[in-house]
Amino acid sequence: MNIKILKNTWLKLSFVWLLLIKSSLVLAHSDDFTRVEVKLQIPALDNKLTAQNGDLINLTQAYLSSFSFELIACPQINLKPVNNDKVNLLSWLIPAAHANHGVSFTKPTQIPVQQRHNLLVKTDIYLGIYKLPKGKYCQMNYTLGKVPDNQGLSSEITKSSLFIAGKQFELNIGTSHIIAKSDYAFGKNFPINLEIPASHKPLSLVISINVSEALKIITHSVPSHKNGRLVLLSLSEQVTLELML
Amino acid sequence: MFKKSNNKMINDYRTSFIFVMLLFLIGGCGGSSSSEKMVDIVPDPIVDDGTGSGNDSGNDNDTPVSDSSLSVVGHSENNLMAIASVITQENAQVIIEFSSENTALKQTLKSDLGKEHVFTIVGMRENTPYNFKAIITDSNNQVYETDIETHTTGDLPADAPIVEVLTHEQNSLGGITFFAATEGASTFYGVDEAGEYVWYLHGDNIPMSASPVVKSLGDGRLMLLLTRAVWIIDTKGEILQTYDLPTYHHDVNLLSNGNLLVLTTEVATINNEQIKGDKIIELDQQGNTLWQWSSFEHMDTERFPGVLANRINNGQKDWTHSNALFYDPHDDTILLSSRSQSWVLNIDHQTGNVLWILGDDKEISNSYSGSFFTLNNGSWMASQHAAMFTNLGDILIFDNRNESELAGNINNSRAVRYNINTNEMTAVQNWEYIAPKYTQALGDVDELSNGNILINAGGPGSSNTAHIIEVTPELPSQVTWELIVLNTAIYRAERISWQNLMSSSVGLVQTPPNNVNSPIDIANCSEAVNFVDTNNSDNYIDYNLDGNTNADLFGDALKPTLSVTCDDEVLYVTSNGATNFDWINLGQGSAIPSTIYKSWTIPRNPNLTSQQVAIPLLGPIAVTVTGLQIFGPNENSADNYANPVTDGLLNYCGGHTREYHFHERAKCFFEWETLGGAESLLPAQTSGVVMAYALDGFPIMSPWECSDESCSSTVKVNSSYRYIGTGDYSNENAWNYHEYQADLSPLDECNGMIRPDGSYAYYATDEWPYYMACFKGPTHLVSDNNPRFNP
């Protein structure tokens, strides 16, 4: 190894070491924040859905497009400036956002997702590490929106925030038809009871959505956009949070 | 006049009525005229902007006077105002026209239907004879004119500063410029385009502060920032509301729910020093503190970057000296301009967290790292005032430059604009205008409704003369208007339109015309048939099925108000912009919906023109039959050219919040049941359904049309534009990535066609451009509705 290579290697190692030190220093100063790894889990749907009117539906396609989550602090919380790890140091860990919809994710408790989930397979997405202000959170906002296609799907699906298609189970022949669909963004605040404690080690927060429960509101004979509305309205009731210390 | 009630003004009215009644008795009025002449229906408020040549002061037509008379007397407490009174024998509506030898014709709003009509005339110059005429519209829509009455205005207050207009170009927005002198003055002033005083507000009981501020609320109301008090007044000077403040320092914002965000100061002892910082408090209308934010909890108390931050007054170090607040309902955030820190902070209104800081990051502590922008072009502001978001999301600042590397005392102060990218945390200085002087304190900058920028280099510095300058927003800027106010320091300058100035001349501010039968005048306005009476909650779309309207959940201000009237030439639509459908929280900031009062003027019976005229880049291009605004098919990303439908969080109705507007077809009108039990607000898959009127007067139809003149079948109408992009919607200019192909559908490049009945209309298509891509009709009224229109 010649001296030049040694120097370069040493410089690189020093740089990495400095980065680590800087990162530790920043975190060491951040007593008001806790690093939290956030995951999104959506159990796979059973492709046999029982509609509200008792009809059995054989699901053929099921997609849901999550735009973002946001934790909303209980009113008493009042904290100092925040540096979001996601935006800065650890941004390389986060899947690239394909569209910003005119929205800037500048709030520390905003969690971008911007992904379309195939509901017929299990979804288990790592959303990144966030420095969340410690304290109590009383509400969460879950917003769905159209996201660009990265799976080669039809335009009918990519233009939707919710798309459920299937066939009547007893007549499992012929082409499937759309059962529930929405082609717009939808968001809702719903109550949660979450406390982010002080912690020197990263915590893990799992957001789970039980879509299959929300789909039980579907009635097969109802137009797809009306079924879509019912699913969206009930979806937030199926969101659960689990914080692992 | 300035008592905290309207009683005085009511007395003025009574005095005027008595005066008019005396006239009736003396003159033997009451007999009917034998030579009444029907004239055209007079429009609702049309105010000449002063640039036209109309001077209709002479009574040169032979229209006989009806059995009603006009009286005009000077206002008892304001020499530039007058009280005009008309009593009609039958119910009627009245407009007062007035003009002088050197001023263009102005009109008041139309009075409510009734027999007694009293107007406060504002907007007149001092010591000037004015001619007045009443235009009376009776309940049968017959129109009469009274004889001309004259009145000469009086003197201005003796301490009015000397003003002079140096520049006045055609592309100035026009209107009245308001200001107040600092240091002991007791008067607020307004000057017209020619630099003549046309308004003042004077009173010994006004608790003027050392730096009095008048702010326009954009709807004819003015907000006066006084010593520990905020007054909301109309342009007659009537106090509409007062707030008592525990303390106040330089700025207050009025929120849409009636609460105030007030900038105040507080002192703390740190390291044995008295440090003065900022506190923002939110007060409700009863004066209760609902929210507060302290700089001591959120800013670095060890940063003292320059002379201003180290300055000691009354034993207190002037650590932050913030001087401006700007509340952004879109994100529910607050801009705070800290002069001593030379920073503009963006504060989350929910949590109080500082989201980012615009300015130099020198001498910062670790806890701020990541909060700053990398400036890729230009230079940071220093010791600034008046930070605000522009319509395009940039940040506009009056940069005094006391402690700038390009020091103001050598380089003058400036107005500067930054474009910021909060994802990349980068900023670019994309515009500046160097003021004609150095302003070491005070200063203001505002974006006007036509995009021009109003700058007030009003403080002491390199001269004692204030310069109020309107410039165009591009580089290099053109000065469109400049006023100097000699030997006077002015903190802020505000511009309001003549229409807003006149809005309080009669009736209530923001109250649409109130016809006795229905606000939607179907009897006299053929277009009105197509409108939906959103004043009736039966026509409300309860998307979330909870049985509540927005007004039920968020207050009566969210009740839609809509009025539709016509004259021969113009369709008048007024609306408070409240939606008649449920608001959905898309997590974009404000936790409540908002409204925007609009008064639309749209040409009737338009003819196709030989030209296709481009629609404005941003802002309204049409109004729905529910009174809501429709914007064009681009916004936000890609320098505001991205397709907001494919790259936007549009809700179930095809639009989004921050003064709700549509980009996509208003789908909810056709898809969801109403509270009144209708299957949908407008019939789906039905031909001939008008869902909007474009600003050139042509209707915008729902996308179903008769296949032929006899309507033997109904066909879906599709766009002739084809998407040719790659799906990277955020970065694609929608206009470049949609290609017109004439063979795709019968629609032309503007998204319209000749209907089977021979008339022309645009169509609200499922695909881009969704409503329209250009105007095919007359565009002479477009800029009245969207000042950004610039053909």
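B:Cys525 is buried, with a relative accessible area of 1%. I start there in this predicted model, and the topic today is disulfides.

The partner of B:Cys525 is B:Cys566, and their sulfur atoms sit 1.8 Å apart. The two cysteines are 41 residues apart, so what this disulfide links is distant parts of the chain: B:Cys525 is in the loop between α5 and α6 of chain B, and B:Cys566 is in strand β36. B:Cys566 is buried as well, because its relative accessibility is 9% and the cut-off for buried is under 20%.

How many disulfides are there over all chains? The count is five. As a reminder, a disulfide is a covalent bond between the sulfur atoms of two cysteines.

Chain A has a disulfide between A:Cys74 and A:Cys138, with 1.9 Å between the sulfurs. The torsion about its S-S bond is about 100 degrees, so this disulfide is right-handed. A:Cys74 lies in the loop between β3 and β4, and A:Cys138 lies in strand β6, so the pair ties together parts 64 residues apart in sequence. Buried or partly exposed? A:Cys74 is buried at 8%, while A:Cys138 is partly exposed at 32%.

Back to chain B. B:Cys706 is joined to B:Cys711, S to S 1.9 Å. Here the S-S torsion is -80 degrees, and the link is left-handed. B:Cys706 is buried, at 15% relative accessible area, and B:Cys711 is partly exposed, at 30%.

Which pattern do the disulfides of chain B follow? Counting bonded cysteines along the chain, the pattern is 1-2, 3-4, 5-6, 7-8.

Note on methods:
Residues are numbered from 1 along each chain as its sequence is written. Chains are lettered from A and ligands numbered from 1 in the order in which they are written. This is a predicted model: local features need pLDDT of at least 70, side-chain atom pairs count only at pLDDT 80 or more; totals for chains, interfaces and linings use all residues. Side-chain values use heavy atoms; hydrogens and water are left out. A disulfide is a pair of cysteine sulfur atoms within 2.5 Å. Helices (H or I, at least four residues) and strands (E, at least two) are DSSP runs, numbered from the N terminus. Buried means under 20% relative accessible area, exposed over 50%, partly exposed in between (1.4 Å probe, protein chains only).
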